[in-house]
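Please open the model in your viewer and keep the sequence panel beside it. The tour below moves from one selection to the next and says what is found at each stop.

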Amino acid sequence: MNIDDPWPTLDEAEAQVLEIQTKLHRWALDGPDRRFHDLYNLVWNPVVLLVAWHRVRSNRGARSAGIDGLRPKDLPPGQSLFLFKLHLELRARAFQPLPVRQRRIPKPNGKTGPWVSPPRRTGSCRQR
């Protein structure tokens with residue numbers, strides 16, 4: 001994808017991501033010892049970012065803010081300035097993730113367990 005090309009629609013992006021995933025899956029099955037060396041290009045690919053952001057916006061945690069104070073539901077869906085800036089930072093390898101907010105929450109068995117709230121920028125980069 002050229003950087004001057006317009007960003008795809010969500011449907012187009014989902015189809016392209018499925019195609020990428022299918023190819024990677026096929027290659028992994030064909031060569032179990034194969035190593036995938038340059039997957040970073042997929043991280044900053046606009047179609048991957050668009051699908052990841054859609055998934056972050058549609059999951060249960062989208063109503064609460066991350067440590068960065070950003071609630072995914074408050075940002076416009078799809079091609080926002082937020083995604084474009086994230087794309088540029090990732091492409092330039094200048095992206096620096098923020099720390100996560102961690103708490104211990106009580107469990108039904110009386111013990112406590114970890115609860116983690118990543119910054120929303122980081123969540124969209126980590127989404128699979």
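Which residues in H3 and H4 meet? In this predicted model, Pro46, Leu49, Leu50 and Trp53 of H3 meet Phe82, Leu83, Leu86, His87 and Leu90 of H4, and showing these side chains together is a convenient way to begin.

Next, select residues 46-58, which make up helix H3. Its 13 residues reach 18 Å from the first C-alpha to the last, close to the 18 Å expected at 1.5 Å a residue. Colouring the buried residues of H3 picks out Pro46, Val47, Leu49, Leu50, Val51, Ala52, Trp53, Val56 and Arg57.

Now add residues 81-91, helix H4, and look at how the two helices are placed: the axes of H3 and H4 come within 11 Å and cross at roughly 130°. Because this angle falls neither over 145 degrees nor within 65 to 115 degrees, H3 and H4 are oblique to each other, and their crossing is right-handed.

Move then to the start of H3 and select Asn45 with Val47, where a side-chain oxygen of Asn45 reaches to within 3.0 Å of the backbone nitrogen of Val47.

For the last stop, select Arg57, which is also found in helix H3. Is Arg57 buried or exposed? Its relative accessibility is 14%, and since buried means under 20%, Arg57 counts as buried. Display Pro72 as well, and the side chain of Arg57 can be followed to the backbone oxygen of Pro72, which it reaches at 2.5 Å.

Methods:
Residues numbered from 1 in each chain as written. Predicted model: local features only at pLDDT ≥ 70, side-chain atom pairs only at ≥ 80, totals over all residues. Heavy atoms only, no water. Helix = DSSP H or I, 4+ residues; strand = E, 2+ residues; numbered from the N terminus. Expected span 1.5 Å × (residues − 1). Buried < 20%, exposed > 50% of the residue type's maximum accessible area, 1.4 Å probe, protein only. Polar contact = N/O pair within 3.5 Å; in protein donor to acceptor, adjacent residues only side chain to side chain. Axes fitted to C-alpha atoms, helices over the stretch in contact; angles between N-to-C directions. Parallel < 35°, antiparallel > 145°, perpendicular 65-115°, else oblique. Left-handed = near helix turned anticlockwise from the far one by under 90°. Contact = heavy atoms within 4.5 Å.
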